[in-house]
Amino acid sequence: MKILPPTLRESNRYLAIFVISEGDIPRRDLVNEILFCAATLLGDAGNSEMGIRLLSFEENNGIIQCRMDRVWETRAVLATVMSIKGMRTRINVLGVSGTVRGATEKYLLTQDINEPEPEIKRTKTIKECKMIIDVGTIYGKIVNRNNNEIDLLSEDPHSLEILNRSDTRFYGITVFDIKDKEIDV
Amino acid sequence: MGIIKSSNFYDLNVHALPDYADSPSRMILEAKDMGYSGICLTSINPANTFHGTKITVPMPRDFDICTGIEIQADNVSKLNKFINKSVNKVDIISVNGGHEDINRGAVENGHVDILAHPASQGNPLNHVLSKAAADNGVAIDFNIDALIRHKGASRVRILTALRQNVRLARKFDAPMVITSNARSHYDLRGPREMMALGMLMGMTQEEALHALSTVPGSIIERNRNNNRIMDGVEVVQ
């Protein structure tokens, strides 16, 4: 069998993505969820024109392939991903490029080139802390920390009500919200 | 693509603590990372009280933070009472739409800036409401969280209603805004993703771009301008 000459091949675009989630996401679950969202949003016929494939996925960075004239639809599909296996998830599209190499160099490797030390502090250690807002004080445990952003787990009934209302497991706060500053890891 | 890159994007309906689970600072940081030039932190609660926003994060540069309130009411007289109470206290007044009476009361009140999620119960607007919205300068909101949260039949119904709203707004020249109606930072989406979902509702690319940049920008500008007395009356000197 001869392969199709390059002039007759469909041209593609490559989307660099970054996945933000409450927990760790295996590649397999991410693929399933994206394809499920594509199927529910556009149906089988629409999906066959898009040619969505997940090419690589490492440490929450990934590259998605789609047809050249279907980039907007692909963005819409990625935007409708709400949760994966019960964990709230958001997919950020960092940029679009015409080649895999372009997408990788332009959007995924920029931190390494421009900022030699990004100083991302990711900790899983759990520490108690409190946050004071105008309706009262929230006590909780720090679950995730990523630079200034903190996920706070709280279990008192009033907090559970708020968290249920917004469909998340953790309070999303920053280091600036916390009163006692002894949280440096 | 140049025009998209040079635009300023705004998200005019974002909820934070104490109503929902994320602090204002977290929302601001996340929105800034995504490429927005401003967000509106909207209070929403049954008592319709405005929580002053205490922003603890050092103020980011080139970022606009507005305060807002989303009014929930059962009938039109209560709605008007709450609107009059919050005039001059907040930057942006939006009304939690859905019921036909409330939608009507909102678009006929000149103080209202945004009619938020009018199609949340699957009922589209009609020609009378769209015309009133165009006359009073009330922006019709297209909330993308309807497409994200709902699945199946209810999503189909809401999307149908949203499509009709786009058609009517285009016909009567009513302002459209796309908002995220975010309850946590997992609900925020980047500007281009919001545009993509807007285009799924039947907007053209230019309409989606304006609904995310120039229309919200002009709403903020209009309310920040102290010389404005009411629609069409302005202190010039």
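**A core shared by chains A and B**

Of the 101 residues that make up the largest nonpolar core of this predicted model, Leu15(A), Ile39(B), Leu115(B) and Leu197(B) touch the most other members. Helix H1 of chain A (residues 27-50) hands over the largest share of this core, 6 residues. Both domain 1 (11-114) and domain 2 (122-177) of chain A are represented too, each with at least three residues. As a general backdrop, nonpolar side chains in soluble globular proteins tend to be buried together.

Leu197(B) is a handy place to look at how the two chains meet. Leaving aside residues up to four places away in sequence, Leu197(B) touches Ala76(A) and Ala79(A) on one chain, plus Ile144(B) and Leu147(B) on its own. The two alanines belong to helix H2 of chain A, where both are buried. They have company there: Glu73(A), Thr74(A), Arg75(A), Val77(A) and Leu78(A) are buried as well. With 7 of its 9 residues buried, H2(A) (residues 71-79) is therefore largely enclosed by the rest of the structure. What does the covering? From chain A, the cover of the buried residues of H2(A) includes strand S1 (12-21), H1, strand S3 (61-67) and strand S5 (87-97), and chain B chips in with H8.

Zooming out to the whole contact between the chains, 30 residues come from chain B and 30 residues from chain A. On the chain B side, the elements giving two or more residues are helix H2 (24-34), helix H6 (145-149) and helix H8 (191-200). H8(B) gives the most to that side, with 6 residues. Sorted by class, the side of chain B that touches chain A has 14 nonpolar, 7 polar and 9 charged residues.

As for chain B taken by itself, there are 10 helices and 9 strands. Its C-alpha atoms fill a box of roughly 45 × 40 × 40 Å along the principal axes. The radius of gyration of chain B is 17 Å, which agrees with the value near 18 Å for a compact globule of 237 residues. Buried residues account for 49% of those 237 residues. Contacts in chain B also reach a long way along the sequence: among those between residues at least 6 apart, 70% join residues at least 24 apart.

Notes
Residues numbered from 1 in each chain as written. Chains lettered and ligands numbered in written order. Predicted model: local features only at pLDDT ≥ 70, side-chain atom pairs only at ≥ 80, totals over all residues. Contact = placed C-beta atoms within 7 Å. Helix = DSSP H or I, 4+ residues; strand = E, 2+ residues; numbered from the N terminus. Nonpolar A, V, L, I, M, F, W, Y, C, P; charged D, E, K, R; others polar. Rg over C-alpha atoms; globule rule 2.2 N^0.38 Å. Buried ≥ 20, exposed ≤ 12 C-beta atoms within 10 Å, placed from the backbone. Core = buried A, V, L, I, M, F, W, Y, C linked by C-beta atoms within 7 Å. Domains from an automatic or database assignment.
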